[in-house]
Amino acid sequence: MSHPDCRLNLRPLGTPRGVSSVVGPHGVGASPGDKKAKSKSVRGKKKSIFETYMSKEDVSEGLKRGTLIQGVLRINPKKFHEAFIPSPDGDRDIFIDGVVARNRALNGDLVVVKLLPEEQWKVIKPESNDKETEGTDELDLPEELCGSHLPQQSVKGYNDSPDVIIEAQFDDSDSEDGHGNTQNVLVDGVQKLSVCVHDKGKEDADAPVTKDESTSMSQDTRVLSEKSLQRSAKVVYILDKKHSRAATGFLKLLADKNSELFRKYALFSPSDHRVPRIYVPLKDCPQDFVTRPKDYANTLFICRIVDWKEDSNFALGHLAKSLGQAGEIEPETEGILTEYGVDFSEFSSEVLDCLPQGLPWTIPPEEFSKRRDLRKDCIFTIDPSTARDLDDALSCKPLADGNFEVGVHIADVSYFVPEGSPLDKVAAERATSVYLVQKVVPMLPRLLCEELCSLHPMTDKLTFSVIWTLTPEGKLKLAFTLDHETGLPQGCHIYEYRDSNKLVEEFMLLANMAVAHKTYRAFPERALLRRHPPPQTKMLNDLMEFCDQMGLPMDFSSAGALNKSLTKTFGDDKYSLARKEVLTNMCSRPMQMALYFCSGTLRDQAQFRHYALNVPLYTHFTSPIRRFADVLVHRLLAATLGYRERPDLEPDALQKQADHCNDRRMASKRVQELSTGLFFAILVKESGPLESEAMVLGVLNQAFDVLVLRYGVQKRVYCNALPLRSHHFQRVGKKPELTLFWEPEDLEQEPVQQVVTIFSLVEVVLRAETSALKYSAILKRPGSEGLPGPKDEEEA
């Protein structure tokens, strides 16, 4: 699709949000990090705003020499001029300051950065908060770190966020995500938001932006006795545009009606402020948009970025479609799915033709000669009555010697997904099922998930089975055998975490570990494994200092030790559980993502380890209906058992598939969170305002984060939304404190003073915002029965 040249008079339109206030001394048009760039354009040529990307050859050489660094870009949704990539040495994240330094990269892109000179690094004031210097501020932690639960339709959510972990001695209790079940499940009075999905509503991305008091360095490094520096960088290349380049948002007319651009383009304003504003051709817009723009003020559109030139503040794009009215569930949901690149189309006839056509399907006779027949054993599933995709089952029978034979039986999905078939290709591309509040976007067709592979009672099915002989005490003999619906939310309820869930999880984890060892021994260069790196060192050290100062005896030597400390330190009343939840949240911040990888692409076996589980080898084997990584593992396992030929996939090709599974898993998790947040926002709109006790879990210069105890959601409270006379931030050691001075109800009285710090109990009110399907949290005045109003509605 060709686009007319937009190198016209852009200046009257202003700069994109976040540029003018963050580029600092360099000016909007300067190359990132170039203080000496001139402000005048060359005669006859527009001045460049962004640097030209480095060549592939120079990037490759720079990465080899260590002069360049690569990493996944994370943009803070609350302060969208701030971005970060992880530091390769596990230290504090590398900071990327402003839109210009990001150089047209979007959130999630794999980028290459070059460190700026030290005098341009970010200055961290001693009183600033760690949340302002790290990229986890957006609460966009990976699934391993959040222990998220899937909706009731999936019924297998507990397989992904186990509560009972078997460490090397099989006697410890923690979680794959590093902090047990407490991250998302609160009991005994501290309730858990469910809204028909067992996951938290997360902070909306369109919250007010407050100015960061940490500034770029502007004074000589010799006077920094009480300050520290955060390495800062600029993007010089985008290795992989992992962001979908799609966004939902609204159409607006350009401001200057006399400009050449006004006659050719409209302005698309994304709902996600991390995405730039986009010029879209008027021919893409509704025919009457120019004459009746107000008719479309509340219409949600999808736009795709097709180009972003070096000399333009705004990107170029085309309008993909109109979704419908903003604030309605289905348009908002379709927008979320599109933004994150989720394929929610119906499966094609070509794909469906790969499956057996005659039902009921029966096992071919030749399979019985290849497999062990377990149909006479007592094998059972532990699932809710609403479950339809039953992909795992358990068995347990006493043996004559007093031991027990325990089995985990997983549906043999790979049997029905021939390698290279259209079904295999679409499943590989989707990589995971995506669970929304109201529905599931499946990885595989329903016929396969709910009929051919689902382990329904009294039906013959193909499985992979992992069978152990265990002593009555539960002790290390392994034996392998091959055998092979959408309405408005009406309220919230507590997610009850039963012992039966834990039982399933314990054995699923054991099965995953056993399969990891089996496949790695057979194919040391081609095993698909899952690793979890240790926490970021700097953040972990700061957290240890904080716990020491607070008198909290936490053992950070391993994930299991940390989990034991959390359990031992806190009681079981609702406030103790809330404090445990807050500290658990703090412990998750230094954690890194767990990742799929091919064993042949990493030479250091120490990097294979799964930190949270404290095991040397781990993989995903137990959920092939909804995770393509498990299907790949099944194929490897079948080859180790002589059931199929050795895989001919080279390590680099398998690593590419692993990378794609990682990307889609993260996107799926974020979509799930946004879906839950959408429904909870509707609940607040329909039933609010909602009042609840809350516990402070993070303190910033001009805001603080709270855990809302009644609903289990986390929300940010902004000082400028409260009727305060003033507020003051300070740090006592590692403990941040924000003192609020409330305007007195009687002007003759002194201001009411309130100190907010981590673990403080406060009263909050959740109320819907009038302009969008979002909700905000405000603090109730101490001792007040009513709701505090903001000083000024516009200001708030």
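Here is a walk through this predicted model, from the whole chain down to a few individual residues.

Let's start with the big picture. The chain has 796 residues, and 57% of them count as buried. Its secondary structure adds up to 15 helices and 30 strands. About 33600 Å² of the chain is exposed, with 50% of that area supplied by carbon and sulfur atoms.

Now look inside. In soluble globular proteins, nonpolar side chains tend to be buried together. Here, the largest nonpolar core takes in 61 residues, and the ones with the most contacts inside it are Leu583, Phe680, Phe704, Val706, Leu740, Leu766 and Leu779. Helix α15 (residues 651–687) gives this core its largest share, seven residues. There is also another core, lying apart from that one, with 58 residues that include Ala428, Phe464, Trp468 and Ala639.

Phe704 is a good place to zoom in. Leaving out residues up to four places away in sequence, Phe704 touches Val696, Gly698, Val699, Lys715, Arg716, Val717, Leu738, Leu740, Val756 and Leu779. Two of those names, Leu740 and Leu779, also turn up among the core residues with the most contacts.

Some of those contacts lead us to a small sheet. Three strands make it up, in the order β26-β27-β28, and it is an open sheet with antiparallel pairing. Because β26 (724–732) and β28 (752–757) sit at the edges with a single partner strand each, one side of each has no neighbour in the sheet. From one strand to the next, the twist averages 20°. Strands of a sheet pair through backbone hydrogen bonds, either parallel or antiparallel. Between β27 (residues 735–742) and β28, which run antiparallel, there are six bridges. If you want a spot to find on screen, Glu737 stands opposite Thr757 in β28.

Next, the helices. How much of α5 (residues 329–339) is covered? Most of it: nine of its 11 residues are buried. The buried set is Ile329, Pro331, Glu332, Thr333, Gly335, Ile336, Leu337, Thr338 and Glu339, so charged residues are in there too. The buried residues of α5 pack against β9 (246–252), β12 (299–307), β13 (315–325), β17, β18 (440–441) and α15. Just after α5, Gly341 takes a positive phi of about 70°.

Helix α12 (residues 559–569) has buried residues as well: Ala559, Gly560, Ala561, Leu562, Asn563, Ser565 and Leu566. Part of what covers them is α13 (574–588).

Loops can be tucked away too, as Ser433 shows. Ser433 lies in the loop between α8 (422–430) and β17 (434–435). Is Ser433 buried or exposed? With a relative accessible area of 5%, Ser433 is buried. Beyond residues up to four places away in sequence, Ser433 touches Val440, Val441, Pro442, Met443, Ile625, Arg626 and Ser668.

Finally, the cysteines. The structure holds zero disulfides. Why does Cys396 have no bond? Its closest cysteine sulfur, in Cys378, is 9.5 Å away, which is too far for a bond. Cys396 is partly exposed, at a relative accessible area of 44%. Cys453, by contrast, counts as buried at 2% relative accessibility. The sulfur of Cys453 is also too far for a bond, because the closest cysteine sulfur, in Cys449, is 7.6 Å away.

How values were computed. Residues are numbered from 1 along each chain as its sequence is written. This is a predicted model: local features need pLDDT of at least 70, side-chain atom pairs count only at pLDDT 80 or more; totals for chains, interfaces and linings use all residues. Side-chain values use heavy atoms; hydrogens and water are left out. Helices (H or I, at least four residues) and strands (E, at least two) are DSSP runs, numbered from the N terminus. Buried means under 20% relative accessible area, exposed over 50%, partly exposed in between (1.4 Å probe, protein chains only). Accessible areas come from the Shrake-Rupley method with a 1.4 Å probe; for residues, only the protein chains shown count as cover. Contact means heavy atoms within 4.5 Å. A nonpolar core is a set of buried Ala, Val, Leu, Ile, Met, Phe, Trp, Tyr and Cys residues joined through side-chain atoms within 4.5 Å. A disulfide is a pair of cysteine sulfur atoms within 2.5 Å. Two strands pair if DSSP finds at least two bridges between them. Axes are lines fitted to C-alpha atoms, for helices over the stretch in contact, and angles run from 0 to 180 degrees between N-to-C directions.
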